[in-house]
Structures are given as structure tokens and as C-alpha cells.
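Hello,

Here is the structure I promised to pass on to you. Have it open while you read, and my notes should be easy to follow.

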Protein chains: 2
Amino acid sequence: MNKLYRECFDVIRDISALGAASGVIGWDQETMMPPKAAGARAEQSSVLASIIHEKFTSPKIGRMLRKLSKDGIKLSSIEKANVRETLIDYNKSTCLPKDLVRDLARVGSLAQDAWIKARKKSDFKAFAPWLKEMVKLKRKQAKALGYKGEAYDALLDDYEPGMTTAELDPIVEEVRAGLVPIAKAIRASKEKINSSFLKVSFPEDSQEALCREAMNIVGVDADASRLDRSAHPFCCGIAPTDVRITTRYNARWMPQALYGVMHESGHALYEQGLDMKYYGTPMGEAVSLGIHESQSRLWENIVGRSLPFVQFMLPRMKKLFSNQLKGVKAKDFYRAVNTVKPSMIRVEADEVTYNLHIVMRYEIEKALIAGDIEVRDLPKIWNLKMKEYLGITPKNDAEGILQDTHWASGLFGYFPTYLLGNLYSAQFWAKLSGEVKNIEGKIAKGELAPIRAWLKKNIHHHGRRYSAAELVKRATGKPLAAKFFLDYLSTKYGDIYK
Amino acid sequence: MNKLYRECFDVIRDISALGAASGVIGWDQETMMPPKAAGARAEQSSVLASIIHEKFTSPKIGRMLRKLSKDGIKLSSIEKANVRETLIDYNKSTCLPKDLVRDLARVGSLAQDAWIKARKKSDFKAFAPWLKEMVKLKRKQAKALGYKGEAYDALLDDYEPGMTTAELDPIVEEVRAGLVPIAKAIRASKEKINSSFLKVSFPEDSQEALCREAMNIVGVDADASRLDRSAHPFCCGIAPTDVRITTRYNARWMPQALYGVMHESGHALYEQGLDMKYYGTPMGEAVSLGIHESQSRLWENIVGRSLPFVQFMLPRMKKLFSNQLKGVKAKDFYRAVNTVKPSMIRVEADEVTYNLHIVMRYEIEKALIAGDIEVRDLPKIWNLKMKEYLGITPKNDAEGILQDTHWASGLFGYFPTYLLGNLYSAQFWAKLSGEVKNIEGKIAKGELAPIRAWLKKNIHHHGRRYSAAELVKRATGKPLAAKFFLDYLSTKYGDIYK
């Protein structure tokens, strides 16, 4: 191994270990920490973050990485990928002026507070000045990061490296154009789905037992993971050997916890599927948020909400909930967990309408950064789009424009990764289900190892070796396209809603 | 505030925050971490530890502390104490040659492995070379740390700052001389204590509920603490607002968990009683292991195993264990949890014989460091002392000389802090019970706030402002003496064993 490479990546791995420690205390904060500890914990997190930043942005690291990037240095293709990706991270970390970093942190924290209060009172005007300030800062950030096309591209790149509006726009438009009529047809359908049998009481302990069983069936390694409770479900990958997911239990809507765990298990399988050999370097990291989301949506929706999976799980559920599920057939359960109904709130939306929520957020945030629309007009724009795409109108801003925390925290460019996740997942599935023989029969028997193996080999295992776009092409033979997802939805919901 | 002081202690507080983060991941390792995560966790801990060490031992910190120690610098008495104590820590951290630090870590880890194997096979000879090596290193360490009297003093000082063998020897001798006849008299007593009713099945869930109730009654702030399970019970003080204790449950000996939690709750109250204002500086830290242990032993033994406390708790226990405790009277329970019986294993020993276990370890480790005895003679010496002090002889080295992990890890000078804890606790209690009116009546009603308040005001609250010796003198009006503890035992066990 090249001596300089070893020296450089010894430091990078140490910094990653600090990042992992920071991950542990972040997880602890959401799941275990006593309430009064918040103040001291904020201190611990911020000191750790500033040390990680200080170490990673040291000029010495920059010099080593630049030297290693030069032609004539003998490196393996994997080492080259590590140098390339680490240099990208390094440039992103060092290009922002200190003042901007501080302003983003300060305004982000204050805007977050303002948003919480504004949402409570459904008072968009109280939040608007903060959002305006944040948009200004994000434009500055985009400028500092640099971009070729639109400013928004620089922000999008932070979550989905390599993705641009030029590439995304036609895809999003295709999704919108495809979904609006599907959603409309479903609204018009006379097919009535009964899900009342799932709205009875399901004890939390049994729900937790079911969730653990689901994790196990899906194939999350129990000796390298945990399942806990938190206010907002998440997956925290500390190392491939230490992946922690959380869920929350709704005593009167059991599918929330079950499918929440299926979702987070998809994330967990990605983290556990990364190569431990490359732990602490880009080759041992997930490639993008969109690809990560594709794994969670694949397990939650494509596998989890499929009829064969429900057929496999239902007898297991009946062991835990014999009264509640008495007489329920697989088809009943399947239809109940695939009900499509336009809703005001994104996080409660079904597979079909969810993406329309994303499409409108993408359109709005892109226009905001470009300066094509003004913050003060947002509630009006929001409500118009809701009417147009989903056929409903929020009764106030709390259930409209104020529902998500993302913009208050400065997460512009994040929303599209949710949509990309859905598109990627359907495209992966189209290929995967062609290669794994009798996939429905296997799922119906709980034999999910071939699915896991395909995902590990074609996706997880590569870390950040290829860009998301390249990874999709290598795995499926085709560039990203909306077609697979739209086909998947048409077939599935055409059947359910006739 | 002095500008240099502020600059210096801003850094010290940042380092403390890193120490706290390290505390969280250490706690996680013992309680929550998935088994396969051990390798990655070791990496995280060691990187964090080396950064803490590197930051704390920077020459700049030394320069600032030395400047702040000079006459003529205007500091409050609290600031002076912080400078004094931090400089002591700094000197301890910087005086060891790097080679020695590395050797101690290496031999400590290998000796630990060797000890585990040797204990399994009861093969002292396999462990002896490692112990010999460790003793050599500890002598070197003592030399580097510096001492006036015996080399052992330097090691003792690491756990009980300011304590010396010159001060400790006569006290230990008094304890030994006092305890041996008490233990003998109890062995000879015809009084038979029945504890069979505690050796039935106690479901773990109810034990845990009892333990939580006990924590609450003792006054551990539930919003600033946690109770979890671990292989070895411990208390982890991350901040006064974040104190975590653990216990283990023995389904057939309920007092183990209950009194384990009483013990750790004593530690927790000390940590919660530290002044948050001084968090991250010595004024917000516990003064010594001995004083810490005094708090745990006071709550576990002096309060927890007292008749009034049992009178208060028994009706509560009967609510959880109505069958198991049917017909049991407070006096029965009290006698059962105060049974004295010489045992081979220190950690299973009762209040009386426990200290004889410590006395012999103290005598042995002191002689080892002084070179007065040889490692190869240890089993013989051990067994002779067991016979002399406790009247029993181990049937092999596993239950004799090989039972504790301390020496393998290099913890020489640690054992006496257990004994000191008992002595301090009785001396504090003698004073406290004179000042709190009708203390037994209050305990019998579960009114423990006055006890907590006394301890907080006289002990917790002071952090490291005074040395342990000075703290004892200020709190009790007298220097440390064995008399209080011996009196306490004579009265209590004279009554129980007639």
C-alpha cells in the first residue's frame, strides 16, 4: 500500500471513529437520554462536531488528498475511489466561509424554534422572516459550493451527489403527469376498502414482538442491531456491526409500527451490507440519500405491502393478535394497508399520493432558491398545488405549508431524495424480480435471502465506489427512469381499485 | 473573571465534554451495544481517549495553569481550587513517559486475558509472570508519579488523593484488630438466622419495579437518571443531569438487585448532588473513590439494611411479592439481609467480613509493591490470611488469590477505597444522625430528604474543593477514625447475634 495513502486514511479512519462516537451519542439522545440531560448533551455534541470539523479540514489532509489524486500515484481502483470521494467531502467542508457556517447554524436553530411556535398557532407570517433569511443563506451556500446550472443544484448535490435539476426536472414532470391521473382515477373509483379491523386496540408489547419478528424475517442481523422507541423513527448506522433502528407504536393502527420497522430495516440492511473491510472510508459508506431511501421503500412497500408477504406474515400476526385478526384474510389485510386516500400530511400519505407531496415541495423549493417566487406567497402557492395535485385544500397553514421541519433547518434539496428513493426502488425491483426465480412464491414462504443477496451484491457492497447514477445503470442496465415506478403503481393499484 | 482563567477553563470544559461523550459510549457498551459492535467500539473509545489525552496534556494548558497558580493572580477561592486540582491532574497526566503508558496498556490487556484463563483453570502459575510484570510496571509508575514515603503511596493517591500508607496503616490495623474478634464471636454465636424465604422465585419484572421504587424513595431524580441491566452493576455519571445506574437480577435472591440499586443510588445521589454551575471543572467532580464509596455504602447498608428502612419498604415489597413474602415480618427480613457468614468471595461478603477481605488485599498489595513478598508466594500468603482473618480456607486459587480482576488491570491502591468508603460512611452517619432529629422515625416513614440534604450540603456540593481528609474533618468535626465504623458494627450485630 502507498505510504502516503496509508498515512492519510489512518487519519480519515480516526475521524470516522469520532463520527461514529458522535452517532452513538446522537442515538442515545433520541432514545435513552434522561430529559434533563439535554443541555450537557448539546455541549458534548457540539464539541465533538467541532473537533471532527477541525481535524477533517486541516490543510495537511487537503495536501495529502491532492497529492494522492495526481496521475502517476499507484493506487488500486478502490483506493482511487476513496481518494476521489474524500476529496469531494474535503472540498465541501472547506469551501464555506466560517461566517456562513456560523450563520447557518444560528439561523437554523432560531428558525427551528420559530417554526415550532408558528406551526402551533398556524401562523405562517411569524415564520416567514426566518424562512426568507434561510433562503438567503442557502443561496450564499450554493454560491460557495459552486454549480454549473442552477444554484439549487449545489444544494441537491449535498444529499444526492451528482444529481442536477437538468436531469431531475423531466423525471419529476413525468412522475407528476403520471400520478395525477392515477390519483384522480382512484378518487373516482367506487371500490371501497375496509380497514376498520386494523383500527382496534393492539397492545404495544405484542406489536413490538411482531416488529422484532419482521426484522428477523427481513434478515437484519440481530447481533449487530437494536430496535428501540423514539418520537420520530430513524435508522442510525454506527458501523455495519452496529445499526440501530427505532419505531413508535400506535395502539389503534398497528401497521404504523410494522411498516415503520420494515422501512427502517431496509435502511439497516444497507448499513449492515456495507463492507466492514472499508469501514471508516467512503468505500464503506452509503452512496446517497436517494439510494438509501430506495432500500427502505423497497422493503416497506414493494416487499412489505405485497400480497405474498402479507400471506406469509398474517398467520404470524394472528398468533400475536388472535382476537383482533380473527377471520381476516390476507387479501383483506393487503387491501387495508394499501388504501389510497389523499391526505394533507406528507408523512401519513400512501404510496401513490406521497410522491405528489414531494413533487410540489421540489417545485416550490427550487423556485424559492431561484428567486422565481417569494416567501410571502408560499401559503397560496401551496394550497393551489394541493388542490391541483391531490384535489384537497388544507384548512390552515399548520396542516399546509408549515407541516415539515426541513426548510426551517435549511434542508433544501433533501425532499427530492424521497422521490428518487421510490423511483430507484421500483427500477431495482424490476431487474431483481427478473433475476430471482419465482420471487412471489419465495416471498410467500418468507424466503427473502435471495432479495437481500441481490441488493448486497449490486448496491450495498459498492459503498461510494460509483455515483448513484452509475450504480443504477450498473445494477439495472438502464439509466434512472420514472417508468418502472409508474408501471409498478399502475399494476398494483389498477388491480386493487379496478 | 480573570481572562486567562476563562481561556484555560473553556478548554478544560471542552475536554470534559469529550470525557462525558466517552462516558456515554462506555455506558452504551455495557448496556445497549449489539455484541458484534465490540471491534468498532474499541476503535471509537481509543481514538476519543487519545484525543482527550492529547488535548489535556498540551504544553499550553500546562503554561496557563502554572501562570494561574502564581501569587498575585486574582482568583476566587473556587477558581483557585479549580486551578490547583487541574494542575494536579495535569502533572499526573504528563509525568508518565510514553513508553510506560504504552507498556501499562499492553501488559494490562494481556494480563487481563491471562487472568481470565488462569482463573478458569485455577492455575495461578500461568498468571504469575504477568502479575510480576505488572508489579514491575506499577513500581515504575510510582517512581514517575513521585512520592515521599512508600512507592505504594503514589498509586494510592491516584484513587484517594492525599491518602498515604502512614495515615492508613494504623487505621487498617485498628479495623483488622476490631473486626477479627467480631467475626469470630458471630461465628461462635448460636443465633440462627433464617433467610430461606428470600431464596424462592422472585420474577425479574417485579424486582425491577421494586428497584425503581427504591431509587425514587432514596431520591434519585428520575428525569436525570436511568436504571438498566448489565453484567456488573455500576454507576456512570455523565453530568449531574445525566446519571445512569445498572443492576443485575437474581431470580432466587431478590436482595441482590434491591441492595445493588440502593448502592448505586448512593453513587448517583453524589453525582446528581454535584453543582451544575461547576460542571466540567474539578469543582463539579467527586473528590475521591473512597468518598464516593461512602455514599453508596451509606445508602446500601446504613440506611438500606436498617430496621426502620425495612419497616418502610416491606409493605411495598409485599404489594409486588404477596406470595413470596406472606407472613414475613420486618424483623425477619432485616435479619435475613444482615446475615454474617465468612465467604471466600469478596463481592459476596457481608458488611462485617467484607472489610477483612479488603484488609488482606491491602496488606498484600502494599507488600508486593514494596518488594517485601514475592508473587510466587501469593497463594500461600492469601490462604494463611483467609484462615487467620475469616477462619476459612479456599479450596483452590480460583476462589482464592485469583478471584479479583484488579491486579491484572494494574489497579493497585484501589482496594483500600472500598474500606475507606465504609469508614467514612459510618463517620458521616454518626454526625448526620446526631443532627437530623428522630432519624429512625423519619426513615421508617420514608422521609429521606433530610439525609439527602445533609449529604449534599456537607459532601456532594463541595466537589473537589477540599481534600477527602479535609472534607471529613469539616463535615464531622473529626479526622478519619475507625471507631465510628467499629461502633456501628458492634451495636448492630451485637443486637442481631446477641
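Let's start at A:D123, which is partly exposed, with a relative accessible area of 30%. The cut-offs help here: under 20% would be called buried and over 50% exposed, so a value of 30% lands in between. You will find A:D123 in the loop between α5 (98-121) and α6 (124-145) of chain A. Leaving aside residues up to four places away in sequence, A:D123 touches A:A118 and A:L402. For a sense of scale, pick A:L48, which is 75 residues from A:D123 along the chain: their C-alpha atoms are separated by 36 Å. Please keep in mind that this is a predicted model.

Next, have a look at where the two chains meet. How many residues of chain A are in contact with chain B? There are 36 of them, and they meet 36 residues of chain B. About 2800 Å² is buried between the two chains, with carbon and sulfur atoms giving 65% of that area. On the chain A side, A:P34, A:K36 and A:Q44 supply 19% of the area buried against chain B, more than any other three residues.

There is charge pairing at this interface too. Side chains of opposite charge can pair when their charged atoms come close. Six salt bridges are found across the interface of chain A and chain B. In one salt bridge, A:D221 pairs with B:K36, and the closest N and O atoms are 2.4 Å apart. The elements of chain A that each supply at least two residues to the side touching chain B are α1 (3-31), α2 (38-56), β1 (225-229), β2 (235-239) and β3 (242-247). Sorted by class, that side of chain A has 21 nonpolar, three polar and 12 charged residues.

Over all chains, the structure holds 68 salt bridges. Here are some you can look up:

- A:D99 and A:R102 are joined by a salt bridge of 2.9 Å, N to O. They sit three residues apart in helix α5 of chain A, so about one helical turn separates them. A:D99 is partly exposed at 48% relative accessibility, while A:R102 is exposed at 52%.
- B:E399 and B:K395 form a salt bridge of 3.2 Å, N to O. B:E399 counts as buried at 17%, whereas B:K395 is exposed at 69%.
- B:D487 and B:K483 meet in a salt bridge of 3.3 Å, N to O. With their positions four residues apart in helix α20 (residues 483-497) of chain B, they too are about one helical turn apart.

You can also trace a network of salt bridges that links A:R84, A:E85, A:D89, A:E285 and A:R464.

Last stop: helix α9 of chain B, residues 204-218. Does the length of this helix agree or disagree with what 1.5 Å a residue predicts? Its 15 residues should span 21 Å, and the end C-alpha atoms are 21 Å apart, which agrees. Several of its residues are buried, including B:L210, B:C211, B:A214 and B:I217. The buried residues of α9 pack against β1 (225-229), β3 (242-247), α10 (255-273), α11 (289-303), α12 (307-320) and α18 (449-458) of chain B. Right after the helix comes B:G219, with a positive phi near 105°.

Enjoy exploring, and write back with any questions.

Best wishes

Note on methods
Residues numbered from 1 in each chain as written. Chains lettered and ligands numbered in written order. Predicted model: local features only at pLDDT ≥ 70, side-chain atom pairs only at ≥ 80, totals over all residues. Heavy atoms only, no water. Contact = heavy atoms within 4.5 Å. Buried area = accessible area lost by both parts, 1.4 Å probe. Salt bridge = Lys/Arg side-chain N within 4 Å of Asp/Glu carboxyl O. Nonpolar A, V, L, I, M, F, W, Y, C, P; charged D, E, K, R; others polar. Buried < 20%, exposed > 50% of the residue type's maximum accessible area, 1.4 Å probe, protein only. Expected span 1.5 Å × (residues − 1).
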